[in-house]
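Tutor: Please look at the structure below. Then we will go through it by question and answer.

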Amino acid sequence: MAVIAQKCPGIKVTVVDMNEQRIAAWNDPNLDNLPIYEPGLKEVVAEARGRNLFFSTDVEDAIDAAEMVFISVNTPTKTYGIGKGMAADLKYVELCARQIARVAKSDKIVVEKSTLPVRTAQSIRTILNAEGKDLNFQVLSNPEFLAEGTAVQDLHKPDRVLIGGGQDEAGQRALNALADIYAGWVDRDRILTTNVWSSELSKLTANAFLAQRVSSINAISALCEKSGADVDEIARAIGMDSRIGPKFLKSSVGFGGSCFQKDILNLVYIAQSYGLTEVADYWEQVIKMNDYQKRRFAENIVQKLFNTVSGKKIAMLGWAFKKDTNDTRESAAIYVADYLLNEQAELWVYDPKVKAEQIYADLDYLNTRSEDENRRLVKVVNDPYEAMDDAHAVAVLTEWDEFKTYDWQKVFEGMKKPAFVFDGRNVSNGRMLGTIGFHYQGIGK
Ligand code: UDX
C-alpha cells in the first residue's frame with residue numbers, strides 16, 4: 001500500500017489495523033522503528049507518509065471513506081477443527097468482510113490481497129450482500145507476488161500484476177479501476193486480467209511451483225552428498241537449459257517463510273476436498289521433502305560431532321528464513337535448533353536483524369520444552385565472534401552477506417578442535433575454510 005501511495009500521489013491510501021502499537025510504529029517519526037525491516041521501505045514511507053499515505057486505527061472511518069478496500073489480513077494454517085494443520089483459517093477475512101458490510105454506506109470494490117483458497121470471493125460476496133443494503137459490492141482477487149527482502153524492488157518492477165474479477169460489465173468496470181491504479185507505474189502488458197477463480201488459484205500454484213523447485217534441487221543435494229556430484233554445478237548445468245532457467249535452484253537447509261508451506265498445505269487440502277487424492281499427494285511431497293532436508297541437516301551435525309552434541313556449544317549464524325528480512329516465520333533455523341536442543345546442545349545464535357525476543361518466541365511456540373529451558377539452553381548474542389568462540393561447530397542457517405566477510409582464521413583459532421562448519425546455505429568458501437583447517441560441510445557437496 002505504501003508503494004501504491006508513493007506511485008499514485010493523487011490517491012489517498014489509509015492503512016488501518018486494530019493493533020494500536022503497530023500503527024504507532026508505522027507513524028513513528030524515526031523510520032528505523034517501522035515494524036517491518038525491508039530494504040528501501042523506509043524511503044517509500046518517508047516520501048508518502050502524511051502526503052497521501054496514512055496509518056490509523058480508525059477502521060470504520062477508513063472503510064466509510066474508501067471507494068476500494070484491500071483485505072490484507074493473515075490467513076494462517078488452521079490450528080483447530082476441520083482441516084486442522086492444512087486448510088487456511090479465513091476467520092480474519094470473514095471478519096473484515098462483515099465489518100465492510102456493516103459500515104458501508106456507498107458502493108465498494110473489495111480487493112482480496114491476502115492469499116486465499118480458490119472460491120473465497122464467493123463467500124466474501126455472500127457476506128457483503130447479506131446486510132441487504134442497496135449497494136453494489138464488487139470483489140476482485142489481486143494476489144501479491146512480492147518476495148520478502150526484495151519487496152520494494154518487486155513492487156516497483158513486478159513481473160506481472162494479476163487481477164481477477166467478475167465477467168459482467170460491473171465486474172469489468174471494477175477490474176479496470178484497479179488496473180488503472182497499477183498502470184500508474186506498471187506497463188499495461190504486464191497487468192493480467194482473469195476470472196476470479198483463476199486469479200485465486202494462480203497464487204497458490206505459483207508458490208507451489210517455486211517451492212517445488214527448491215524441494216527438487218534439495219532432493220538432488222542428498223544424492224550429491226552420496227555420489228560425489230556437486231549440487232551447485234548441477235544447478236548451473238540444468239539452469240542453462242532455457243526451458244528450466246537458472247533461478248530458484250539454490251539448494252538449502254530447506255525453504256521457510258510465511259507462504260510456501262501454508263499455501264501448499266492449503267492446495268493439498270483443496271485437492272483432497274475435491275476428492276483429488278493423487279493431486280494432493282503429489283504436492284504434499286514438496287513439504288515432506290522440505291521436512292526431510294531440515295532433519296537431514298540437523299542429523300548430520302549430530303553424526304559428525306561424534307554422535308553427540310550434549311553440552312556442546314554450537315553457533316547458529318542466522319535465524320531469519322532468508323537474508324535481508326527480520327521475518328522468521330517457518331524458518332528452517334527454528335526446526336534445526338529444536339532438533340539440536342532435543343539432543344541437549346547449547347546453542348549460541350547470532351542474526352544481524354532478528355531480535356532475541358523473537359527467537360525465544362519461535363522456540364516457545366513449538367511447545368517442545370519449557371520457556372525457562374529455552375532461555376537456559378539458547379543464548380542470543382549481538383556479536384558473531386562471541387557466538388563462535390569456543391564452539392564445537394558453526395551452523396549457517398541464513399545466507400546473510402556479512403557471513404562471507406568474517407575473519408575465519410580468527411574464528412578457527414577461537415574454536416574447539418576439530419572445528420566444524422555446517423553451511424546450510426552454501427555461502428562460505430568451503431575450499432578456503434578447508435585450508436584453514438575446518439571440517440567443512442556444505443549442502444549437496
Ligand atoms: C515467496 C514467493 O517467492 C513470493 O512470490 C510470494 O509472494 C511469497 O512467497 P518469500 O517467502 O518472501 O516469497 O521468499 P522466497 O524468496 O520465495 O524464499 C522462500 C524460501 O525458499 C526461503 O527460505 C529461501 O531461502 C528458500 N529458497 C529460495 C531456497 O532455499 N532456494 C532457492 O533457490 C530459493
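**Rings, core and sheet**

Student: Which exposure class does Phe209 fall into?

Tutor: In this predicted model, Phe209 has a relative accessible area of 48%. Buried means under 20% and exposed means over 50%, with partly exposed in between. Phe209 is therefore partly exposed.

Student: Is Trp283 buried or exposed?

Tutor: The relative accessible area of Trp283 is 12%. The cut-off for buried is under 20%. Trp283 therefore counts as buried.

Student: How many aromatic pairs does the structure hold, and what is the angle between the planes of Phe209 and Trp283?

Tutor: The structure holds 13 aromatic pairs. Phe209 and Trp283 form one that is tilted, with 5.7 Å from centre to centre and planes at 40°.

Student: How many residues apart in sequence are the parts that this pair ties together?

Tutor: Phe209 belongs to helix 9 (residues 196-227). Trp283 belongs to helix 12 (residues 277-304), so the parts tied together are apart in sequence by 74 residues.

Student: What is the angle between the planes of Phe403 and Tyr406?

Tutor: A pair of aromatic rings is described by the distance of the centres and the angle of the planes. For Phe403 and Tyr406 the centres are 5.8 Å apart. This pair is tilted, and its planes are at 55°.

Student: What are the relative accessible areas of Phe403 and Tyr406?

Tutor: Both are under the 20% limit for buried. Phe403 is buried at 2%, and Tyr406 is buried at 9%.

Student: Which residues form one aromatic cluster with Phe403 and Tyr406?

Tutor: Phe403 and Tyr406 belong to one aromatic cluster. The other names in that cluster are Tyr385, Trp408, Phe412 and Phe438.

Student: Which residues touch the most other members of the largest nonpolar core?

Tutor: The largest nonpolar core has 55 residues. Those that touch the most other members are Trp319, Trp408 and Phe438.

Student: Which element supplies the largest share of this core?

Tutor: The largest share of the core is seven residues. These come from residues 332-342, that is, from helix 13.

Student: What does Trp408 touch, leaving out residues up to four places away in sequence?

Tutor: Trp408 touches Leu317, Met388, Val394 and Phe403. The list goes on with Val421, Met432, Leu433, Ile436 and Phe438.

Student: How many residues are in the second, separate core?

Tutor: Its members include Ala5, Ile23, Leu175 and Leu178. This second core has 32 residues.

Student: In what order do the six strands of the open sheet stand?

Tutor: The pairing in this sheet is parallel. The strand order is 10-9-8-11-12-13.

Student: Which strands stand at the edges of the sheet?

Tutor: An edge strand here has a single partner strand, so one of its sides is left without a neighbour in the sheet. The two strands in that position are strand 10 (378-380) and strand 13 (439-442).

Student: Which residue in strand 12 stands opposite Val394?

Tutor: Strand 11 (residues 393-396) and strand 12 (residues 420-423) run parallel and are joined by four bridges. Ala393 stands opposite Phe420 in strand 12. Val394 stands opposite Val421.

Student: Which residues cover the two faces of strand 12?

Tutor: In a regular strand the side chains alternate between the two faces of the sheet. Both faces of strand 12 are covered, and the four residues named here are all buried. On one side are Phe420 and Phe422; on the other are Val421 and Asp423.

Student: What is the omega of the cis peptide bond before Pro418?

Tutor: Most residues other than glycine have a negative phi, and most peptide bonds are trans. Pro418 lies in the loop between helix 17 (408-414) and strand 12. The bond that joins Lys417 and Pro418 is cis, with omega at about -5°.

Student: What is the phi of Arg119?

Tutor: Arg119 is in the loop between strand 4 (108-112) and helix 6 (120-129). Arg119 also lies over the face of Trp197, at 4.0 Å from the ring centre. Arg119 is not a glycine, yet its phi is positive, at about 85°.

Student: Which residues is Ser258 in contact with, leaving aside neighbours within four places in sequence?

Tutor: Ser258 lies in the loop between helix 10 (231-239) and helix 11 (260-273). At a relative accessible area of 17%, Ser258 is buried. Its contacts are Glu148 and Arg329.

Definitions and conventions
Residues are numbered from 1 along each chain as its sequence is written. This is a predicted model: local features need pLDDT of at least 70, side-chain atom pairs count only at pLDDT 80 or more; totals for chains, interfaces and linings use all residues. Side-chain values use heavy atoms; hydrogens and water are left out. A nonpolar core is a set of buried Ala, Val, Leu, Ile, Met, Phe, Trp, Tyr and Cys residues joined through side-chain atoms within 4.5 Å. Buried means under 20% relative accessible area, exposed over 50%, partly exposed in between (1.4 Å probe, protein chains only). Contact means heavy atoms within 4.5 Å. Two strands pair if DSSP finds at least two bridges between them. Rings of Phe, Tyr and Trp (its six-membered ring) pair if their centres lie within 6.5 Å; planes under 30 degrees apart count as stacked, over 60 as edge-to-face and the rest as tilted. A charge sits over a ring if NZ of Lys or CZ of Arg is within 6 Å of the ring centre and within 35 degrees of the ring normal.
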